[in-house]
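Student: I'd like to learn how to read a binding site and a pocket from a structure. Can we go through one together?

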Amino acid sequence: MAKVMIITGGGRGIGAETAKLASAAGYAICVNYVRDRAAAESLLKGLTTKCIAVAGDVSKEEDVLRIFAETDRALGRVTVLVNNAGIVDRSQRVEQISAARLERMFAINVTGSFLCAREAVKRMSTRHGGAGGAIVNVSSAAAKLGSPNDYVDYAASKGAIESFTVGLAKEVGGEGIRVNAVRPGVIRTDIHLASGDPSRVGRIGGASPLGRPGEAVEVARAILWLASDEASYTTGSILDVTGGR
Ligand code: NAP
């Protein structure tokens with residue numbers, strides 16, 4: 001069966017490193033992005049398998065439907081979904097957080113992952129005539145740590161991703177679909193610029209037991225393993241990639 005992967009938020013950071021490893025492993029890939037078309041297109045130039053870049057906001061249902069439809073048309077039926085697109089926001093205490101910020105955080109991090117998984121299940125599940133597949137969600141160590149004084153809203157959105165991972169894994173386990181998540185710690189990507197504290201990666205990442213922040217490729221390797229047949233008896237798992245935090 002052809003290996004077809006959709007990576008949401010695949011143009012930069014952890015998603016882009018995942019695309020590089022997946023292409024080297026033979027996957028055809030749909031790299032979704034929301035704004036940075038140049039990054040997605042430049043990534044595609046370095047990939048050796050058949051790959052497409054599709055713009056779309058995962059929090060919008062019509063965009064999600066289009067991302068999957070374009071993948072069906074150009075690459076065939078998806079076999080792996082990596083629910084990677086996610087955002088943080090400025091460091092704030094809970095009593096400062098606006099309703100608009102909360103809505104955006106949960107719409108992108110939670111609803112987006114949910115909608116993409118829904119479309120993947122429709123195509124992968126043996127119940128719907130599919131041949132199975134794997135879904136890898138991207139959580140965060142924040143789900144366990146709570147991120148006080150930083151972004152408790154982000155932490156809570158990743159907590160939702162973990163419950164979603166466990167529940168969906170049980171729901172579709174008998175239909176040929178494995179569902180797992182990675183739980184990265186502090187990883188050196190541009191996402192930290194949004195917190196308003198550029199020293200964040202070195203400061204917090206340096207405090208991990210391994211004494212350094214992680215690199216995006218180190219998370220990508222875990223995602224690729226969970227997606228692969230090497231992980232054939234692993235479902236409903238949350239794999240820490242935190243340097244020991
Ligand atoms: P990043 O470098 O900021 O990349 C984020 C990617 O998500 C970009 O490609 C961006 O698209 C895309 N994106 C953002 N909003 C989107 C939307 N509404 N629809 C579709 N795509 C969207 O972030 P990253 O560090 O690689 O993070 C990837 C995932 O890892 C996130 O879920 C994040 O929460 C999680 N994570 C990261 C860390 C860390 O320390 N870096 C730790 C734990 C968990 P554009 O390129 O078009 O802007």
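Tutor: We'll take the ligand site, then a pocket. Keep in mind that this is a predicted model.

Student: Okay, which residues come nearest to the ligand?

Tutor: Start with the list of residues around the ligand, counted if a heavy atom lies within 4 Å of it. Here that gives 31 residues, and R35, D36, Y154, I187 and T189 come nearest.

Student: What do the backbone atoms of R35 and D36 lie close to, in terms of ligand atoms?

Tutor: For R35, a backbone N or O atom lies 2.6 Å from an oxygen atom of the ligand. D36 also places a backbone N or O atom 2.7 Å from a ligand oxygen. With V58, the partner is a nitrogen atom of the ligand, 3.0 Å from a backbone N or O atom.

Student: How much of the ligand does the protein bury?

Tutor: Compare the ligand alone with the ligand in place. Alone it exposes 900 Å², and the protein buries 96% of that. Elements giving two or more residues to the shell are α1 (13-24), β2 (28-33) and α6 (152-172). By type, the shell has 13 nonpolar, 12 polar and 6 charged residues.

Student: And how do I read a pocket?

Tutor: Rolling a probe the size of a water molecule over the atoms shows where empty space is left. In this model, the second largest pocket has a volume of about 290 Å³.

Student: Which residues lie nearest the centre of that second largest pocket?

Tutor: Y27, V80, A227, S228 and D229, out of 18 lining residues. β5 (133-138) and α8 (216-227) each give two or more residues to that lining, which divides into 9 nonpolar, 6 polar and 3 charged.

Key. Residues numbered from 1 in each chain as written. Predicted model: local features only at pLDDT ≥ 70, side-chain atom pairs only at ≥ 80, totals over all residues. Heavy atoms only, no water. Polar contact = N/O pair within 3.5 Å; in protein donor to acceptor, adjacent residues only side chain to side chain. Areas by Shrake-Rupley, 256 points an atom, 1.4 Å probe, with all protein chains shown as cover. Helix = DSSP H or I, 4+ residues; strand = E, 2+ residues; numbered from the N terminus. Nonpolar A, V, L, I, M, F, W, Y, C, P; charged D, E, K, R; others polar. 1 Å grid on protein atoms, 1.4 Å probe; cavity = no way out; pocket = protein on both sides within 12 Å on 5 of 7 lines; lining within 4 Å. Points joined across faces, edges and corners; volume = space filled by probe spheres on them.
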